[in-house]
Amino acid sequence: MPHASQSRAIKAAALVGSGLASYARTRRAKETTILTFHGLCENVGDPGILDWSLHLPVAVFRSICALLAAEYRVIPLAELVEARANNQSLPDNSVIITFDDGYASNFELAYPILKKFELPATVFVTTGFLDGEDMMWFQRVDLALSRTQKEQINWKINDNKLSLQLGTRKERQESLVCLMAEMKELHDMDLLGEVDRLELALGVATPTLADLPVPMRPLTWDMACDMIYSGLIEIGGHTHTHPILSSCDSMAMRAEISTCRDRIRAETGDLPLSFAYPNGGADDYNRESMLMVREAGFKCACSMVNGRVDEHSALFQLPRYGSPESVWEAEATVSGAFETLKEWRQSCLKAMSLI
Ligand SMILES: [Zn+2]
């Protein structure tokens, strides 16, 4: 476990153990929490993947679902949209479960657990990934750094010169973090060319979809439709190729959003209700993206900016939390304990600055 997530897990366990979570759960019952997951995996540590943060062990997911089913009220995202349209309030301690990208493990590992606990969820799909056209660009970067025989390369990007150390797995993971931060700054038009050049420099071929490690594989449309027919799962949009929308020009942005909507409608027969901005940070989408998503017929959109949903939250930038890595972290998140602690810290700092 990396150091940051280890200290987060300890903090979460302390918040739950100290009773702050149960205090926050009562005090903040009117707020809604939206959780974001990506893929699930059976075992952590497939040597073929460098970034494991996108693939939560299924046992952890199962225990989070057991907690949510016992102590919280898991509702579909559609209920939030409907409540807002009718000016109604949501049930106390409500939680919304979402998955981003559209991994096969959503069907193979998460769906049986959601069915067992009768928990609804939304799966935001990257439609080109499900179509089998291409893997997502960040998967290619991960695999290129993971599969190369090189032990080091110098890489110039955004006027920075990076020395990417690739000798050990840990060095490859650190190089990936460093490189991804730079690649997310590139203009959308330059991104795929940069990935092509990187594969060439690292001496690796572009992998085919069949060549992907199991946790990275996409859902098929049949799997997506199976989940929809259960009435428990909604399929939402997440663009066609997973670009960062704020780095796209207007035409590309519109095409990403409308192609995604059209592919979902063609394959499932339904217009998707909800959308999630790729990467989802405050700088990863803009006013134009929000307007285009709305014009395309979506009724709400989720960001990845951390926060809790209340009646004032904007429907086209709903805040979400990233995947909890333990059941304690899930409880500290959905109860509002993390948020309460953050507010206390801020008011303490404010009070200190006034002294
Ligand atoms: Zn995504």
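Here are some exercises with worked solutions on the pockets, aromatic rings and a few loop residues of this predicted model.

**Exercise 1. The largest pocket**

Work out how much space the largest pocket has and which parts of the chain line it.

*Solution.* Start with the volume: the largest pocket comes to about 1800 Å³. Next, go to the lining, which counts 50 residues. If you want to find the centre on screen, look for Asp51, Trp52, Ser53, Leu54 and Glu325, which lie nearest to it.

Now sort the lining by secondary structure. At least two residues each come from α1 (3–17), β3 (55–57), β5 (94–101), α7 (137–147), α8 (169–183) and α13 (327–334). Of the contributors, α8 has the largest share, with eight residues.

Then check the domains: domain 1 (3–133 + 216–345) and domain 2 (137–206) each give at least three residues to this lining. Finish with the chemistry, which splits into 22 nonpolar, 17 polar and 11 charged residues.

**Exercise 2. The second largest pocket**

Find the volume of the second largest pocket, then describe the residues around it.

*Solution.* The volume first: about 290 Å³. Then walk along the chain to collect the lining. Lys30 and Thr32 come up early, followed by Leu80, Ala83, Arg84, Asn87, Gln88, Ser89 and Leu90, and then Val309, Asp310 and Glu311. Sorted by class, this lining has four nonpolar, four polar and four charged residues.

**Exercise 3. Aromatic pairs**

How many aromatic pairs does the structure hold, and what is the geometry of Tyr103 with Phe129 and of Phe275 with Tyr277?

*Solution.* The count is 10 aromatic pairs. For Tyr103 and Phe129, the ring centres are 5.8 Å apart and the planes stand at 75°, so this pair is edge-to-face. Place the two on the chain: Tyr103 is in the loop between β5 and α5 (104–117), Phe129 is in helix α6 (residues 127–130), and the pair links these distant parts across 26 residues. Tyr103 has 1% relative accessibility and counts as buried; Phe129 is buried too, with a relative accessible area of 1%.

Move on to Phe275 and Tyr277. Here the centres are 5.7 Å apart with the planes at 70°, and since planes over 60 degrees apart count as edge-to-face, this pair gets that label. Phe275 is buried, at 0% relative accessibility, and Tyr277 is buried at 0% as well. These two residues also belong to one aromatic cluster with Tyr285 and Phe298.

**Exercise 4. A charge over a ring**

Which ring does the charged end of Arg25 sit over?

*Solution.* Go to Tyr72: the charged end of Arg25 sits over that ring, 5.0 Å from its centre.

**Exercise 5. Two loop residues**

Asp46 and Leu318: buried, partly exposed or exposed?

*Solution.* Take Asp46 first. You'll find it in the loop between β2 (39–41) and β3. Its relative accessible area is 26%, so Asp46 is partly exposed. For a sequence-distant partner, try Pro215: the two are 169 residues apart in sequence, yet 8.8 Å apart in space, C-alpha to C-alpha.

Now for Leu318, in the loop between β11 (300–302) and α13. With a relative accessible area of 0%, Leu318 is buried. Its partner here is Ala301, 17 residues apart in sequence and 6.2 Å apart in space, again C-alpha to C-alpha.

Definitions and conventions
Residues numbered from 1 in each chain as written. Predicted model: local features only at pLDDT ≥ 70, side-chain atom pairs only at ≥ 80, totals over all residues. Heavy atoms only, no water. 1 Å grid on protein atoms, 1.4 Å probe; cavity = no way out; pocket = protein on both sides within 12 Å on 5 of 7 lines; lining within 4 Å. Points joined across faces, edges and corners; volume = space filled by probe spheres on them. Helix = DSSP H or I, 4+ residues; strand = E, 2+ residues; numbered from the N terminus. Nonpolar A, V, L, I, M, F, W, Y, C, P; charged D, E, K, R; others polar. Domains from an automatic or database assignment. Phe/Tyr/Trp six-rings, centres within 6.5 Å; stacked < 30°, edge-to-face > 60°. Buried < 20%, exposed > 50% of the residue type's maximum accessible area, 1.4 Å probe, protein only. Lys NZ or Arg CZ within 6 Å of the ring centre and 35° of its normal.
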